[in-house]
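Q: I would like a close look at a single part of this protein, followed by an account of how that part sits within the whole.

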Amino acid sequence: MNRPAAESPSSARFREANEKMMRDMSMVPTGDADRDFVQAMIPHHQGAIDMARAALKGADNAESKRLAEKTIGEQEKSIQELVAWLDKNAKKEGNR
């Protein structure tokens with residue numbers, strides 16, 4: 001990814017979170033659309049959490065901070081649901 005010569009700390013945090021999310025989402029599909037979707041969504045939601053945390057480190061606007069905190073809570077709940085689905089369904093299918 002191209003970086004500006006003088007990348008700000010907040011830009012660096014966002015870039016790092018995005019790059020990590022993209023690496024973590026990179027997976028070899030299993031051919032099981034349900035499982036592949038759920039497995040890819042976990043790092044996608046984690047990426048949203050990481051970006052929201054990066055925003056909180058430099059945010060000045062109260063509404064922006066509220067949105068970031070809301071994002072963290074919602075995405076953590078989604079990850080819990082996705083992991084629970086994998087635990088329930090992957091074991092049943094013998095695919096984990």
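With which residue does E63 form a salt bridge, and how far apart are the closest N and O atoms?

A: E63 forms a salt bridge with R66, and the closest N and O atoms of the pair are 4.0 Å apart; a salt bridge here is a side-chain nitrogen of Lys or Arg within 4 Å of a carboxyl oxygen of Asp or Glu. The two residues can be placed about one helical turn from each other because they are 3 residues apart in helix 3. R66 itself is partly exposed, with a relative accessibility of 43%, where buried means under 20% relative accessible area, exposed over 50%, and partly exposed in between, for a 1.4 Å probe and protein chains only.

Before going further, some points on how to read these values. This is a predicted model, in which local features need pLDDT of at least 70 and side-chain atom pairs count only at pLDDT 80 or more, whereas totals for chains, interfaces and linings use all residues. Residues are numbered from 1 along each chain as its sequence is written, and side-chain values use heavy atoms, with hydrogens and water left out. The average pLDDT of the protein (the predictor's confidence in each residue, from 0 to 100) is 89, and 89% of the residues score at least 70.

Helix 3, which spans residues 62-93, also holds the pair E81 and K77, whose side chains meet in a salt bridge at 3.5 Å, N to O. These two residues lie 4 residues apart, about one turn of the helix. E81 is partly exposed, with a relative accessible area of 45%, while K77 is exposed at 51%. Elsewhere, salt bridges that share partners join E7, R15, E16 and E19 into one network. Within that group, E16 and R15 form a salt bridge whose closest N and O atoms are 3.9 Å apart; E16 is partly exposed at 46%, but R15 counts as buried at 11% relative accessibility. A search of the whole structure finds 8 salt bridges.

The nonpolar side of helix 3 deserves the same care. The largest nonpolar core, meaning a set of buried Ala, Val, Leu, Ile, Met, Phe, Trp, Tyr and Cys residues joined through side-chain atoms within 4.5 Å, has 11 residues, among them V38, I49, A68, I72 and L86. Helix 2 and helix 3 each supply at least two residues of this core, and helix 3 gives the most, with 6 residues. In soluble globular proteins, nonpolar side chains tend to be buried together.

Helix 2, the other contributor named here, covers residues 33-58 and reaches 38 Å from its first C-alpha to its last over 26 residues, close to the 38 Å expected at 1.5 Å a residue, the expected span being 1.5 Å times one less than the number of residues. At its start, a side-chain oxygen of D32 comes to within 3.0 Å of the backbone nitrogen of D34.

As for the whole, the protein has 3 helices and 0 strands, where helices (H or I, at least four residues) and strands (E, at least two) are DSSP runs numbered from the N terminus. S11 lies in helix 1, residues 9-25, and its C-alpha atom is 9.5 Å from that of A55, although the two residues are 44 residues apart along the chain.

Note on methods. Polar contact = N/O pair within 3.5 Å; in protein donor to acceptor, adjacent residues only side chain to side chain.
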